[in-house]
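Here are my notes for a first look at this one. Have the structure open and follow along point by point.

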Amino acid sequence: MIEIQIRHQIFTSSGNKFLEVDERISEGSFVHVSGDSGIGKTTFFKVLSGLVVPDFGFIKLNDKILLDTANKIFLPPQKRNISLMFQNYALFPNMTVKQNIAFAQTEKDENIVDELLEKFALKTFENTSPSKLSGGQQQRVALARTLAQNAEIVLLDEPFSAVDIAMRKVMLNELLEFNKNNNSTFFVISHSEEEFESFSTYNLNII
Ligand SMILES: Nc1ncnc2c1ncn2[C@@H]1O[C@H](COP(=O)(O)OP(=O)(O)OP(=O)(O)O)[C@@H](O)[C@H]1O
C-alpha cells in the first residue's frame with residue numbers, strides 16, 4: 001500500500017494555491033494522473049521523488065516511511081527507489097544512448113539494456129549521442145532509461161507527447177507489461193484521457 005498525504009503551497013501565474021493530495025493506492029497499480037495545466041502535477045511528482053519538500057507531507061510505501069514532515073523524516077531521492085521521467089527528458093549529452101539507459105541501473109544488467117533498446121527501436125542509435133536524435137527518439141531513450149532502473153515506483157510525466165501513434169502503442173504495451181511483471185506502481189501524467197481510461201487501475205485527478 002502506498003499512502004500519500006501532501007499539502008503544499010504553489011505559486012502560479014494566477015495566484016497562490018494549495019496542491020493537496022490524500023490517497024491510498026495499492027502496490028502494482030497503474031495510476032493515471034490528470035488535472036488542469038499548471039495545477040501542480042509535475043510538482044506532485046517532485047514531492048513523491050524527493051526533489052521538493054512540501055509544507056506538509058506523509059508518504060509511506062508499505063512499511064517504509066519516505067516522508068513525514070511532522071516528525072522531520074525525509075528520505076533523499078536516491079534512497080526512495082522511485083524513478084522519474086521528466087517532461088524534458090534530461091538525457092546526458094556526453095553519453096551515448098546505451099550509456100544513458102545503463103546509467104540509471106543500480107544493479108548493472110546489460111541484457112535489460114539490450115532488451116529495452118530492441119523494444120523501443122533504439123538499437124541502431126545505441127552508440128549515438130542523444131542530441132543527434134529527434135524529439136520522439138529522445139523520449140523513447142528517456143522512457144527506456146526510466147524503466148531500466150527497475151524501481152518500485154515509476155513516475156512518467158507525459159511520456160508519449162512526442163512519439164507517433166504507432167510507437168505510442170508499442171511503448172504503452174511495454175509499460176503495461178512492465179507494470180504487471182515487476183509489480184511496480186506506475187503514475188502517469190497524461191492529458192489523453194481516452195488513451196488511459198481502459199487500462200489504468202486508479203484515477204488520481206488533482207484539483
Ligand atoms: N517547488 C515549488 N514550490 C511552489 N510552487 C512551485 C514549485 N515548483 C513549481 N511551482 C509552481 O507550481 C505551478 C504548477 O506547476 P506544475 O509544473 O507542477 O503544473 P502541471 O500541472 O504539471 O502543469 P502542466 O500540465 O502544464 O505541465 C507552477 O505555476 C509553478 O510555477
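1. A quick definition before the ligand: a residue is near a molecule if its C-beta atom, placed from the backbone, lies within 6 Å of it. Keep in mind, too, that this is a predicted model.

2. So who sits around the ligand? By that cut-off, the shell is made up of Ile-10, Phe-11, Thr-12, Gly-35, Ser-37, Gly-38, Ile-39, Gly-40, Lys-41, Thr-42, Thr-43 and Val-52. Strand S1 (2-12) and helix H1 (41-49) are the elements that give two or more residues to the shell. Sorted by class, the shell has 7 polar, 4 nonpolar and 1 charged residues.

3. Stay with H1 for a moment. Its buried residues are Lys-41, Phe-44, Phe-45, Val-47 and Leu-48. They span an arc of only 160° around the axis, so they fall on the same side of H1. Lys-41 turns up twice here, as a buried residue of H1 and as part of the ligand shell. After the helix comes Gly-50, with a positive phi near 95°.

4. Now the sheet. Strands pair through backbone hydrogen bonds, either parallel or antiparallel. In this model, 5 strands make an open sheet, ordered S2-S1-S4-S5-S6, and the pairing is antiparallel. Strand S2 (15-25) and strand S6 (73-74) are the edge strands, each pairing on one side only. S1 is worth a second look, since this strand of the sheet also gives residues to the ligand shell.

5. For a close-up of one pair, try strand S4 (residues 56-61) and strand S5 (residues 64-68), which pair in the antiparallel sense over 4 bridges. Look for Ile-59, which stands opposite Leu-67 in S5.

6. Next, the core. In soluble globular proteins, nonpolar side chains tend to be buried together. The largest nonpolar core of this model has 48 residues, and Ile-101, Leu-116, Ala-144 and Leu-155 have the most contacts inside it. Helix H4 (residues 135-148) gives the most to this core, with 6 residues. If you want one residue to click on, pick Leu-116: leaving out residues up to four places away in sequence, Leu-116 touches Ile-101, Ala-144, Leu-147 and Ala-148.

7. Leu-116 also leads us to helix H3 (residues 110-119), where the buried residues are Val-113, Leu-116 and Leu-117. Their arc around the axis is only 100°, so they lie on the same side of H3. On the other side, Asn-111 and Glu-118 are exposed. What covers the buried residues of H3? Helix H2 (97-103) and H4 are included in that cover. Just past the helix, Ala-121 follows with a positive phi, near 50°.

8. Last, some backbone angles. Most residues other than glycine have a negative phi. Asn-150 is not a glycine, yet has a positive phi of about 55°; look for Asn-150 in the loop between H4 and strand S8 (153-157). Asn-183 also has a positive phi, near 55°, and lies in the loop between helix H5 (165-182) and strand S9 (185-189).

9. Are these two asparagines exposed or partly exposed? Asn-150 counts as partly exposed because 18 C-beta neighbours lie inside 10 Å. Asn-183 has 10 other C-beta atoms within 10 Å, so Asn-183 is exposed. The cut-off for exposed is 12 or fewer.

How values were computed. Residues are numbered from 1 along each chain as its sequence is written. This is a predicted model: local features need pLDDT of at least 70, side-chain atom pairs count only at pLDDT 80 or more; totals for chains, interfaces and linings use all residues. A nonpolar core is a set of buried Ala, Val, Leu, Ile, Met, Phe, Trp, Tyr and Cys residues joined through C-beta atoms within 7 Å. A residue is buried if 20 or more other C-beta atoms lie within 10 Å of its own, exposed if 12 or fewer, and partly exposed in between; C-beta atoms are placed from the backbone. Two residues are in contact if their C-beta atoms, placed from the backbone, lie within 7 Å. Ala, Val, Leu, Ile, Met, Phe, Trp, Tyr, Cys and Pro count as nonpolar, Asp, Glu, Lys and Arg as charged, and the others, Gly among them, as polar. The arc is that of the directions from the helix axis to the C-beta atoms. Two strands pair if DSSP finds at least two bridges between them.
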